[in-house]
Amino acid sequence: LRAGKKRGFSYFAHQPGREYCDQARQHSFLVAASENDPLSDTHWMRSDVDHWFARHAQAAGAQLWEKVEGLRVEPDHSANQLPWRITFNVTGQFVTQHGTTVIDASGAGAVMGRQLGLNRLGNRMRVNTAALFGHFSGVKPWAEVLQLRDYDARLDPFNVDDAAQHHLLDGAWMWMLRFAGPETSVGIVGPARLFPDLQNHSDSAIRSRVWQAWLERYPDLRLLLEEATLIDPAVNGRAQLGWHARISRLWERGSGNGWLMLPGTVGVVDPLHSTGIAHALSGVGRCARLLLAKDDRHRQTAWDAYGQEVVDEVLWIDRIVACCYLAARDSFELFVAVCSIYFVAAIECERLLAASATQDHGFLLVHDPAYVGVVTWLESALEQLARSNDRPAARRKLVADLRNKLQPWNDVGLLDPECQNRLARTSAPK
């Protein structure tokens, strides 16, 4: 399986038209997610992983159909006692299947949401970002460019490239996920208004022109990609940049009588904090428990609860990410501080899982009233900061207050000035 080392998260703030400069570690932030390379987390190449899962599912007895067209999932009122009928065409053959349960893992395809006519809740989401992206070969290591800029890496807990790498730009950011082979996943994320030329166009030449315009504004990003070659996604054998006009989406519920959606099908927010895989796995575990439960008396209540929980979790992630975007508009200093609300919640959830294999407080502490109260306070504080006549003083107070409010959960040094934006040990035992 093609994969890359993900020792943690790294963030670097760039200024338009200027080379990167960070002599005092005020424009970078590194948070470890594992203690060493052998225990490192991983970037997975989705196409490889999906193929791996498909082969193992087949080996366990599952049937696999690919290149399906005309898929329909509908209640079956015939006499066979199986409540669902699924019909589709595959390589010209009409196929009908019957079953007791449908699990929708179709992501943005949203099979059940469309077939059942569910309502969309995208208008309730605060984050509305777009993404221009691709896989490239020949991307230079960021560590090499940092050497040219007299960057001191001695306090870094890991190599800056062995991470989910974030380059903070003016109103947007660029991700870089490096795999062990030649590929690097690169994408620019920001509000859709920052990409006006792409809103009504799908022409690959326009996408390339917009991409180059972003690189021209940031000399070191241009240097990173000056020898890179776009290799994926490919359309008719030709590589071209991908484009999502809106990433965030949400359905009104994620379950019903005899059907379940995995979290990534119910809704998605944004790639800023890499919540997708963790949220998906939490959903897989919960769906498995629902399917294996023996108590039929409370079955539907439990299924309905799951569907509402996932909707609440997507909206919770949306609140956390929205706070970070608001902070980034103010300063990198405030962005780093506000990112702590995600890291503290993630660390606490990992600890609970490692200790008892449960998440009593919900995904990212969504059911912890005290923690939800901190985020509610932060949302209000960020709004007040935007109206302040003395932003530096108000910002310092906000950061100090946030540090105090997170103290019951934060024992890893987040928001501690002595750590110099370097967190070496934040992960639960593995």
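Q: Why is I277 called exposed in this predicted model?
A: I277 has a relative accessible area of 52%, and exposed means over 50%, so I277 counts as exposed. This residue lies in helix α7.

Q: What makes the nonpolar surface patch that includes I277?
A: Here I277 is joined by L1, W44, W52, F53 and L281, in a patch of about 650 Å². Helices α1 (46–59) and α7 (276–292) each supply at least two of the patch residues.

Q: Why is the contact of E379 and R319 called a salt bridge?
A: A salt bridge needs a side-chain nitrogen of Lys or Arg within 4 Å of a carboxyl oxygen of Asp or Glu. The side chains of E379 and R319 meet at 2.8 Å, N to O, so the pair fits that rule. It links helix α10, home of E379, with helix α8, home of R319, 60 residues apart.

Q: How do you know whether E379 and R319 are buried or exposed?
A: Buried means under 20% relative accessible area. E379 has 12% and R319 has 19%, so each counts as buried.

Q: Why is E309 called partly exposed, and what is R286 called?
A: Partly exposed lies between the 20% and 50% limits. E309, at 28%, therefore falls there, whereas R286, at 14%, counts as buried. The side chains of E309 and R286 also meet in a salt bridge, at 3.4 Å, N to O.

Q: What makes the lining of the second largest pocket, by class?
A: The lining has 21 nonpolar, seven polar and eight charged residues. Helix α8 gives the most, with seven residues.

How values were computed:
Residues numbered from 1 in each chain as written. Predicted model: local features only at pLDDT ≥ 70, side-chain atom pairs only at ≥ 80, totals over all residues. Heavy atoms only, no water. Patch = residues over 30% accessible without salt bridge, like charges linked within 9 Å, V, L, I, M, F, W, Y side chains within 5 Å. Areas by Shrake-Rupley, 256 points an atom, 1.4 Å probe, with all protein chains shown as cover. Helix = DSSP H or I, 4+ residues; strand = E, 2+ residues; numbered from the N terminus. Buried < 20%, exposed > 50% of the residue type's maximum accessible area, 1.4 Å probe, protein only. Nonpolar A, V, L, I, M, F, W, Y, C, P; charged D, E, K, R; others polar.
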